[in-house]
Amino acid sequence: MSEFHQQGPITTLHGFYDLLDRDQYLSWLEKKLERFSRQRPIGLLLPCLYDEILARSVLDNIVTEINEVQYLSSIVVALGGAKEERQFLEAKTYFDQLKQGGRKVKVVWVDGPRIQEVFRKLEDRKISVGVPGKGQSVWITLGYLFATDDCNVIALHDTDIVTYDRLFLARLIEPTANPNNDFEFCKGYYARISPTEMEMKGRTTRIFVAPFVKSLADISYNRGYSELGTFFKYHDSFRYPLAGEFSFMARLARGIDIAYDWGLEVSTLSQVYKRLTMKKIAQIDLCKNYEHKHQELSEDDRNKGLHRMVIDIARFFLNYMRSNGMPVENAFIDMLQQTYYRVALGFIKRYSDDAATNGLTYDRHKEELTAWYFKDFIGEAWEETQQQGVISELPSWNRVIFSVPEIYEDVLAAVEHDNG
């Protein structure tokens, strides 16, 4: 979607390539990345569940597209959900086809006995390793990448992207791989429209995160917490804060904590905020449309779907406010719930108008009902915050090596042994 608008403190990199010859643009971009990779070796981290290997229609296309690029020096798969050795070996065999042009390809068997032994060693030193999930898998796989120390730029994207092509990957990487600019972190964004149902997707971002962050920014400023207000305005400047696609410099990645729950994306943005000046942060339009698997609302089960996602995200932000000096109590939460719901209804009216103009299907009643559920989920997040207190974040690898100096050798040995 071609426009020039820049909003907020970070740089937005638009999709002007839509106006050009796509093949010529892709060829130019990939040649540029091949030059950059000689100065800044580039690694790709792919979080993948074993179940995604069993249903290969989507994954096959991703692998085929990645095999067309020449600028990646290493690809590391964070494999979750593989409980048996045969499952790991099946995954390893499948991803071996990515070994093109001499690049290194490894699969980190997160559930395997050797990585689990690494986890036990860290826990014995009172270092949290979280719980199984994408965040934990990404965290331990980053540890392996740091142990190898053979890439300066790391990109991460999911393996369930139906609309994936290699232009998507190149645009994700270029801002941080380019040695001629200042970017150390780049977040992807995109439209999410179902081509079959002709309706907007991304409910958690649209109906929860966008109005919730705006509410928190307004409340913070109104109560005199200007630093918190600026923090929430920063989050508000991202067009798709829950996108799972980003690239960053390895030196930055070594120093950030990783959330192991659904707060992974907003936690990462918060860590970046603490460590970089705004001129080093960008977001980029990755593609015309993005399609992947969708989560159910699960209104009656707080451990599943959007219900769990909203609780984890809200809990992260509530903990962040408390740790930065804002008093949070029951009366505040009640006010926050009511403020969020009022702001969310305003957003929903805009979405309805947007959908009507673009000929999309839009169930405004269903969207408003979803916002009502999300309002209640904020209260549940507060209950968990009071019970658990701490934020669900794993320590940065720069912090880990102070406690366990030999940990990189342990992670390296585990992954190399598993991969033969």
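Which residues have the most contacts inside the largest nonpolar core? In this predicted model, that core has 102 residues, and those with the most contacts inside it are I66, L72, F95, F208, F317 and Y340. F317 gives a sense of how such a residue is surrounded: leaving aside residues up to four places away in sequence, F317 touches F212, V213, L216, F231, F232, H235 and V266. Apart from this largest core lies another one, of 48 residues, and V110, L142, C151 and V404 are among them.

One of the residues just named, I66, belongs to helix α3, which covers residues 56-66 and in which L59, I62, V63, E65 and I66 are buried. Seen down the axis of α3, these buried residues fall within an arc of 165°, and therefore they line one face of the helix. A general property of helices helps in reading such a pattern. Because an α-helix has 3.6 residues a turn, residues three or four places apart point the same way. The cover over the buried residues of α3 includes the strands β2 (42-49) and β3 (72-80), together with the helices α2 (50-54), α4 and α7 (166-177).

Helix α4, which is part of that cover, also takes part in an aromatic pair, and aromatic pairs are the next topic. The count for the structure comes to 29 aromatic pairs. One of them is formed by Y25 and W28, whose rings are tilted, with 5.9 Å from centre to centre and 35° between the planes. These two residues are 3 residues apart in helix α1 (residues 22-39), so they are separated by about one helical turn. The two partners differ in their surroundings, since Y25 is buried with a relative accessible area of 13%, whereas W28 is partly exposed with a relative accessible area of 49%. Another aromatic pair, formed by F88 and W109, is stacked, with 4.9 Å from centre to centre and 10° between the planes. Because F88 lies in helix α4 (residues 85-95) and W109 lies in strand β4 (residues 104-109), this pair ties together parts that are 21 residues apart in sequence. Here both partners count as buried, F88 at 1% relative accessibility and W109 at 6% relative accessibility.

Aromatic rings can also have a charged residue over their face. R350 lies over the face of F347, at 5.4 Å from the ring centre, and K375 lies over the face of W372, at 3.8 Å from the ring centre.

How many disulfides does the structure hold? In general terms, a disulfide is a covalent bond between the sulfur atoms of two cysteines. The structure holds 0 disulfides, and two of its cysteines show why. The sulfur of C151 is 17 Å from the closest cysteine sulfur, which is in C186, and this is too far for a bond. The sulfur of C287 is 13 Å from the closest cysteine sulfur, again in C186, so that distance is also too far for a bond. C151 counts as buried at 6% relative accessibility, and C287 counts as buried at 11%.

Two further buried residues show how contacts reach across the chain. Q136 is found in helix α6 (residues 134-148) and counts as buried at 5% relative accessibility. Not counting residues up to four places away in sequence, Q136 touches V110, F119, V129, G130, V131, Y260 and L394, and V110 is also one of the residues of the core of 48 residues. A355, in helix α13 (residues 330-357), is buried with a relative accessible area of 0%. Leaving aside neighbours within four places in sequence, A355 is in contact with M200, L360 and Y362. The C-alpha atoms of A355 and M198 are separated by 9.4 Å, although these residues are 157 residues apart along the chain.

Finally, two loop residues deserve a look for their backbone angles. D149 is not a glycine and yet has a positive phi of about 55°; D149 has its place in the loop between α6 and β5 (153-156), where D149 is exposed with a relative accessible area of 54%. S298, which is not a glycine either, has a positive phi of about 55°, and S298 is found in the loop between β11 (281-285) and α12 (305-323).

Terms used:
Residues numbered from 1 in each chain as written. Predicted model: local features only at pLDDT ≥ 70, side-chain atom pairs only at ≥ 80, totals over all residues. Heavy atoms only, no water. Phe/Tyr/Trp six-rings, centres within 6.5 Å; stacked < 30°, edge-to-face > 60°. Helix = DSSP H or I, 4+ residues; strand = E, 2+ residues; numbered from the N terminus. Buried < 20%, exposed > 50% of the residue type's maximum accessible area, 1.4 Å probe, protein only. Lys NZ or Arg CZ within 6 Å of the ring centre and 35° of its normal. Disulfide = S-S within 2.5 Å. Contact = heavy atoms within 4.5 Å. Arc of directions from axis to C-beta. Core = buried A, V, L, I, M, F, W, Y, C linked by side-chain atoms within 4.5 Å.
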